[in-house]
Structures are given as structure tokens and as C-alpha cells.
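Open the model in your viewer and have the selection tool ready. We will go from one helix contact outwards, stop by stop.

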Amino acid sequence: MAEHHTSGKTIVAIGSIPLIMTLGNSMLIPVLPKMKSELHLSSLQVSMTITIFSLVAAFSIPILGYLSDRFSRKAVIIPALILYGLGGLLAGFAAASFSKAYIWILVGRTLQGIGAAGTAPIAMALAGDLFKGAEESRVLGLVEASNGFGKVISPILGSLIALIVWYGAFFAFPLVVLISIGLTWFFIKEKEKEKAPPGVKKYFSGLMSAFREQGRWLFTAYLAGATCLFTLFGILFYLSEILEKTHNITGVMKGLMLAIPLLVMCTTSYITGAKIGKNQKLMKKLIVIGFVLMTISYGTLSFINNLTLFITVLALSSLGTGFILPCINSFITGAVGKERRGFVTSLYGSVRFLGVAIGPPLFGFLMEWSRVGMFLSIAGFTFIVGVLALLMIRVNNNQDEESSGKEEKKGKRSIQVLETAPGR
């Protein structure tokens, strides 16, 4: 009973880590117009506070992933959280005290980007280390749900904090970080490494060997995850625009309406993670169904102008995303052994971050070109990625009986690419 209680606290601690990364951009978005006017910035300059965070994080993630394999997950997560909090403090004090605050805000955001790189992707690897079988899938579903929950509450939270002072969000970051540091420090107990980590050359040689053997399905999984985040942030950008310009909905009400598709995704992610167990056949089926739902949703949205109906059909896409992400997370964390898991999940984190960074500008460009063209192009793209997932990911039929999510001692997931013969 005590062990189960400890396990629950460990799950809460792991779930708190990705929440931090999500707050990094989403909480600032409602503040950007005020920051622009207060600091006399151009649109490009103010957007750089978001862009620099995402780019620095994307390039830092593989490095921190390697370090987490080399040393330990906590040895990376805790310093990363501290750096994230310090970056927020620097940006907040600069905005409150300096006449030329902008450059110091960018420095603070750079530190936060490096810190964010050591959060969600390492938390995925940590879940793979500490939990096995159905429990691992459940925890990974929770990690994805925590990520989604952060996206739901952060714009609302940012709007409310900005009512006090526009740069208040920067000071909110270290407060949230302190909670996560405490939970991680006290409730996450990593196992001692049984043997010394391999040298750099041997480590990357093994990694290249894994990518040669499983690269086709692994890159397809990366693409699937990035597509979900790219379309999600792109469509939220579009929805934000039409809520304000077409329907004159602003402030907290706008935040609440943007939260609807995110809440659908968040809830679906949690339920999916709890139900899939180790059933790879079910995971693949849900990934393909998810892309079918996304394709239908985006294809239909091109012909809908009514706001209520638009958000209802958009929720269908969020349902698909909620099916896909926990399954992709589960496949990726089991792709390689524990000693290289941090790098593989971190590379996935980088690709997801790039998807987030590309979504809004590309949707913005397509909006100017053609609304119908935009939705049909995105529908076509999600259809292609769904077909790739159907063709490239292949699972062992021997694992069908694991669908119940009961205890199983074989923790190794065997995934075959299309070219691999079923009995091989």
C-alpha cells in the first residue's frame, strides 16, 4: 500500500514537469500586445520573445537528452527547472526596472528555452525508466494530458496576471517551478545505474545502429507527433484571429473559447493513455483513426462559418490528436533501451517544438492565400501522414493478449518496419 502511495506521488511529480514547458509560451501570448506598447517594440521584436524560447529549446533538447542518458534524469531536470525560473526572474526584473529592458528579456527567455529543454522530453524518458507495461502507457498519457492542461489554463492565467501588471507572468514562472522542483526532489527516486555509461563514441554508434534498424517507423512517429502540434497551434492561431476580428471576442472570454479544443485533447490523451496498456495493435489503430478524424475535421472546416459549429467540428480534430499523442509517446519511449532513451525522446521533443514554431506563421501565410485552400491543404497533409503511419508502423501479433494492460514481464517493445517479415 505504501509503495502504491509513493507511486502516486511519483506520477504527480512527473506530471508537473511538462506543465512548466507549456507555460513558457502560452502564458505570455495574452501579454504580448501590452508588452509591445509599453516597451515601444515592433511586431517582429515582440514575436521574438516567443520565437527565441522555442528555437533555443529545440536545439538544446538533444544535448540535455544525451546528458540525461549519461548521468541521470534528475541531474538534468532539477538544474533545468532552476534555470527556467532564473530566466523568468531576470526578464521580470528587467521589465520592472530597466529603461532598455528588451535585450534583457530576450536573455531571460534564452535561459528559459534552455531550461524548458530539460522538462517534458526528459519526463517522458523518466516515465519509461520507472514504469513498465500498462502503467508506463498510463503515465505517458498523464504526461501528455498535463501538457494539454497547461495549454488550457495558461492563456487564462496570463490574462488574469496581466490585470495586475503586464510583466507579472515572468514572476509567476519561478513560483510554479519551485513546486515542481520540490515534487521532483522528494518523490522521484531513480534506480542506480548498474554499469558505467558508454563513452560518447560507443553511445552514438549504438544510437546510429538503432536508427538504422528502426529509423523508418521512428521518423514516421516523429513526423506524426510534430504534425499534431503543428496543426494544433496553427489552428489556435487562426481561431484566435477570427474570434477577435470577426466575432469581436477578446480577453478572458477569448481564452475560454480557445481552451475548448485543448480541453478535448487533454481529456482524450488521459483516457487513451489509461486504456491502451501495451496493446501495440490498438495503439496503431488509434493513431490511424486519429489522423482520419483530423483529415475529416480540417476538410469540413473549410466550408463552415458558424462559430459554434466551427468549434464543434474543430473538437473532432482535437479528439484525433488526443488519440495519437499518447500512442506515439508509448512507441517512442520503448524504441531503444534505457541507456539511450533520453536522446530518442528528446529528439522527438525537438521535432514537436519545431512543429509548434512553424504552425502559426505557416497558417498565417495560408490564411492570406486562401481560407478554403488552407484547410484543404492541411487535410491533405494529415491524410498523407496517416497513410505513412499505417504503412510504416508494424506490430507483433504476439502482443495482442497484452491489451488488458495486466502485468507482463517482458518490457521490450518489438516494432517492425514495413520491410521486415512478420516472423523475423
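Start by selecting Ala80, Leu83, Tyr84, Gly87, Gly88, Leu90, Ala91, Ala94 and Ala95 in helix 4. Now add the residues they meet in helix 5: Trp104, Ile105, Val107, Gly108, Leu111, Gln112, Ile114, Gly115 and Ala116. Colour this contact by residue class and you will find 13 nonpolar residues, five polar ones and no charged ones. Please keep in mind that this is a predicted model.

Next, show both helices as ribbons, selecting residues 73-97 for helix 4 and residues 102-117 for helix 5. How do the two run relative to each other? Two packed helices are described by the angle between their axes and the distance between the axes. Here the angle is about 165°, and the axes lie 7 Å apart. Angles over 145 degrees count as roughly antiparallel, and helix 4 and helix 5 are therefore roughly antiparallel to each other. Their crossing is left-handed.

Stay with helix 5 for a moment. Its 16 residues reach 23 Å from the first C-alpha to the last, close to the 22 Å expected at 1.5 Å a residue. Which residues of helix 5 are buried? Select Tyr102, Ile105, Leu106, Gly108, Arg109, Gln112, Gly113, Gly115, Ala116 and Ala117 to see them. Among these buried residues, Ile105, Gly108, Gln112, Gly115 and Ala116 also belong to the contact with helix 4.

Now select threonine 49, which sits in helix 3, residues 43-70. Is threonine 49 buried or exposed? Threonine 49 has a relative accessible area of 0%, so it counts as buried. Leaving aside neighbours within four places in sequence, its contacts are Leu32, Met35, Tyr102, Ile105, Leu106 and Arg109. Tyr102, Ile105, Leu106 and Arg109 should look familiar, as they are among the buried residues of helix 5.

Go back to helix 4 and pick alanine 96. Alanine 96 counts as partly exposed because its relative accessibility is 41%. Draw a C-alpha to C-alpha distance from alanine 96 to tyrosine 167: the two are 7.4 Å apart in space, with their positions 71 residues apart in sequence.

Finally, zoom out to the whole protein. You should be able to pick out 14 helices and two strands. Of the 424 residues, 58% are buried. Looking at contacts with a separation of 6 or more, 84% of them join residues 24 or more positions apart.

How values were computed
Residues are numbered from 1 along each chain as its sequence is written. This is a predicted model: local features need pLDDT of at least 70, side-chain atom pairs count only at pLDDT 80 or more; totals for chains, interfaces and linings use all residues. Side-chain values use heavy atoms; hydrogens and water are left out. Axes are lines fitted to C-alpha atoms, for helices over the stretch in contact, and angles run from 0 to 180 degrees between N-to-C directions. Helices (H or I, at least four residues) and strands (E, at least two) are DSSP runs, numbered from the N terminus. Angles under 35 degrees count as roughly parallel, over 145 as roughly antiparallel, 65 to 115 as roughly perpendicular and the rest as oblique. A crossing is left-handed if the near helix is turned anticlockwise from the far one by less than a right angle, and right-handed if clockwise. Contact means heavy atoms within 4.5 Å. Ala, Val, Leu, Ile, Met, Phe, Trp, Tyr, Cys and Pro count as nonpolar, Asp, Glu, Lys and Arg as charged, and the others, Gly among them, as polar. The expected span of a helix is 1.5 Å times one less than its number of residues. Buried means under 20% relative accessible area, exposed over 50%, partly exposed in between (1.4 Å probe, protein chains only).
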